[in-house]
Amino acid sequence: MESDALILGDKLILRGLSFYGFHGAIPEERKLGQKFLVDIDAWMDLKAAGKSDHLSDTISYTEIYDIAKEALEGSPHNLLESVAQKIAVTTLTNHKQISAVRVKVEKPHVAVQGQLDCLGVEILRRRCDLAD
């Protein structure tokens, strides 16, 4: 198993991504759609990019953004867990330099009695998890 030390190293950070999608287990969610918020951390060695100042030595944020956009605005899923898993697995599969990825998907507008900012899930997947 990969060391947790990898999770403490360099990472790309994407915060506050906002998409409109049709995910949810309730029929109204799948019919009407709603806003989703996404945060992503992608761990990889950024030393070469730091030294060279060349985009070719890293991964463009837009490539990871596009993966999230496709997952959120694409085919509906019942569970946020499934949406987050799709983002994580696609990111790791498409970018071999990434050793681990953390994905948080939130629904800011949910039909729950009571005050809240949002409900959601957060997952962490390492490269070794792809074998499962």
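In these legends, a contact means heavy atoms within 4.5 Å. Every view comes from a predicted model.

**View 1. I87 and the residues around it.** Leaving aside residues up to four places away in sequence, I87 touches V38, I40, I67, A68, A71, L72, V103 and V105. Where does I87 belong in the wider picture? I87 is part of the largest nonpolar core, which has 27 residues. Along with V38, I40, I64, L72, V103 and V105, I87 is one of the residues that touch the most other members. Two or more residues of this core come from each of strand 1 (11-21), strand 2 (34-43), helix 3 (61-73), helix 4 (80-94), strand 3 (100-107) and strand 4 (119-126). Which element gives the most? That is helix 4, with six residues.

**View 2. Helix 4 and its buried face.** Take a look along this helix: its 15 residues reach 21 Å from the first C-alpha to the last, close to the 21 Å expected at 1.5 Å a residue. Buried here are L80, V83, A84, I87, A88, T91 and L92. Why do the buried residues line one face of the helix? Seen down the axis of helix 4, they fall within an arc of 155°, so they share one face. A handy rule sits behind such patterns: an α-helix has 3.6 residues a turn, so residues three or four places apart point the same way. The cover over the buried residues of helix 4 includes strand 2, helix 3, strand 3 and strand 4.

**View 3. D41 and its two arginine partners, R15 and R102**. R15 forms a salt bridge with D41, and their closest N and O atoms are 2.9 Å apart. This pair links distant parts of the chain, since R15 lies in strand 1 and D41 in strand 2, 26 residues apart. R102 also forms a salt bridge with D41, with the closest N and O atoms 2.7 Å apart. Here strand 3, which holds R102, is linked to strand 2, which holds D41, across 61 residues. Are these three residues buried or exposed? D41 is buried, at a relative accessible area of 3%. R102 counts as buried too, at 12%, whereas R15 is partly exposed at 44%.

**View 4. K104 with E106, and a salt-bridge network**. K104 forms a salt bridge with E106, and the closest N and O atoms are 3.8 Å apart. K104 is partly exposed, with a relative accessible area of 22%, while E106 is buried at 18%. Elsewhere, shared partners join K11, R15, D41, R102 and E122 into one network of salt bridges. The whole structure has eight salt bridges.

How values were computed
Residues are numbered from 1 along each chain as its sequence is written. This is a predicted model: local features need pLDDT of at least 70, side-chain atom pairs count only at pLDDT 80 or more; totals for chains, interfaces and linings use all residues. Side-chain values use heavy atoms; hydrogens and water are left out. A nonpolar core is a set of buried Ala, Val, Leu, Ile, Met, Phe, Trp, Tyr and Cys residues joined through side-chain atoms within 4.5 Å. Buried means under 20% relative accessible area, exposed over 50%, partly exposed in between (1.4 Å probe, protein chains only). Helices (H or I, at least four residues) and strands (E, at least two) are DSSP runs, numbered from the N terminus. The expected span of a helix is 1.5 Å times one less than its number of residues. The arc is that of the directions from the helix axis to the C-beta atoms. A salt bridge is a side-chain nitrogen of Lys or Arg within 4 Å of a carboxyl oxygen of Asp or Glu.
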